[in-house]
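User: I am new to this structure and would be grateful for a close look at one part of it, followed by an account of its surroundings.

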Amino acid sequence: MCGRYAASRGAEDLARVFGVEKWQPEEALAPDWNVAPTKEVLVVLDRPLKDAPDPRPVRQLRVLKWGLVPSWAKDPAGAARMINARSETVHEKPSFRRPFAQRRCIVPADGYYEWVTAHDERQLEVEGKKKRARKQPYFVLPADGSVFAMAGIYEFWRDRTLPDDHPLAWWATCSVITAEAETGPLAAAPQEGPASLADIHPRMPLMLTPDRWDAWLDPARTDPDELRDLLAPPPGGLMRAYPVSTAVSNVRNNGPELLDELAAPEEATLF
């Protein structure tokens, strides 16, 4: 799954990387090393400009809220549960199938966090001797230091309790698409720790390599079968992972030190 990630690149840098034509400097978000569900996030999307005479899609950098609210929802209460959409079923789930067909985006990240439970800790939990096991966080990122382009979908929701001219009358929200985690070796596996992403967690955000960006963002592509071909996993061996401080487990902690690589997992019995 993807429940937390880091996004420290500035809007100008992201605009250059993704060939963005339109973005508002006043909407640029501060670097965030601990992005959590329901936060505002930057996404890349292709969409015609509002009230523009030219109907062509324009590549934009937009601010959305992480946690998709379906257009037909009565209220946004379930947004925190809609942060991820599974690649295997995104084309058929009522909450996701229309945005998958019509409104796809890229969620840029430095990488994402995932937590691993130590073997001894997990055993204590199973035996009922401990209510909650301690978990070691790992940071997963492209081995070459490039932007992690996570496949996403977005949707618009109208708050009917507010007048049309209210600034909060419309919500723009998104979800990150996840896939089965890679079982092949990491590009640079730590000496102590997991050898593959699947050793960390069975799911991972679906990474889009640059050759798929244009096709994924193209709103003219609406055929579900054709779109599902774009959900194929990227080539293996592009990712690395390393242990980071458990400070990231608290969403109130936010700073570049969260990405500092530990020499070894804080729990010696993880693997």
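Which residue in β7 is the bridge partner of Tyr5?

Analyst: In this predicted model, the bridge partner of Tyr5 in β7 is Tyr112. The two strands concerned are β1, residues 5-7, and β7, residues 111-117, which pair in the antiparallel sense over two bridges. In general, the strands of a sheet pair through backbone hydrogen bonds, in a parallel or an antiparallel arrangement.

This pairing belongs to an open sheet of five strands, ordered β2-β1-β7-β8-β12, with antiparallel pairing. The edges are occupied by β2 (32-35) and β12 (239-243); each has a single partner strand, so one side of each is left without a neighbour in the sheet. On average, neighbouring strands of this sheet are turned by 30 degrees against each other, direction ignored.

The edge strand β2 leads to the salt bridges. Asp32, a residue of β2 (32-35), meets Lys39 through their side chains in a salt bridge, at 2.9 Å from N to O. Asp32 is buried, because its relative accessible area of 12% is under the 20% limit. Lys39, by contrast, counts as partly exposed at 26% relative accessibility.

The structure holds 13 salt bridges. Side chains of opposite charge can pair when their charged atoms come close. Another such pair is Glu21 with Arg56, whose closest N and O atoms are 3.0 Å apart. Glu21 lies in the loop between α1 (11-18) and β2, and Arg56 in the loop between β3 and β4, so this pair ties together parts that are 35 residues apart in sequence. Glu21 is partly exposed, with a relative accessible area of 47%, and Arg56 is likewise partly exposed, at 40%.

A further salt bridge joins Arg59 to Asp46, with the closest N and O atoms 2.8 Å apart. Here distant parts of the chain are linked, since Arg59 belongs to strand β4 and Asp46 to strand β3, 13 residues apart. Both Arg59 and Asp46 are buried. In addition, Arg9, Asp13 and Arg16 are joined into one network by salt bridges that share partners.

Strands β3 and β4 also take part in the largest pocket. This pocket has a volume of about 870 Å³, and 21 residues line it. Nearest its centre lie Glu27, Arg62, Val63, Phe156 and Ala172. At least two lining residues come from each of β3 (40-47), β4 (58-66) and β10 (170-180). The largest share, six residues, is supplied by β4. By class, the lining of the largest pocket comprises 12 nonpolar, two polar and seven charged residues.

The search of the whole structure also finds three cavities of 30 Å³ or more. The largest cavity contains about 40 Å³ of space. Its lining consists of Ala11, Trp23, Gln24, Glu27, Ala28, Leu42, Leu61 and Val63. Of these residues, six are nonpolar, one is polar and one is charged. Glu27 and Val63 thus appear in the lining of the largest cavity and also among the residues nearest the centre of the largest pocket.

Notes. Residues numbered from 1 in each chain as written. Predicted model: local features only at pLDDT ≥ 70, side-chain atom pairs only at ≥ 80, totals over all residues. Heavy atoms only, no water. 1 Å grid on protein atoms, 1.4 Å probe; cavity = no way out; pocket = protein on both sides within 12 Å on 5 of 7 lines; lining within 4 Å. Points joined across faces, edges and corners; volume = space filled by probe spheres on them. Nonpolar A, V, L, I, M, F, W, Y, C, P; charged D, E, K, R; others polar. Pairing = 2+ DSSP bridges. Helix = DSSP H or I, 4+ residues; strand = E, 2+ residues; numbered from the N terminus. Axes fitted to C-alpha atoms, helices over the stretch in contact; angles between N-to-C directions. Salt bridge = Lys/Arg side-chain N within 4 Å of Asp/Glu carboxyl O. Buried < 20%, exposed > 50% of the residue type's maximum accessible area, 1.4 Å probe, protein only.
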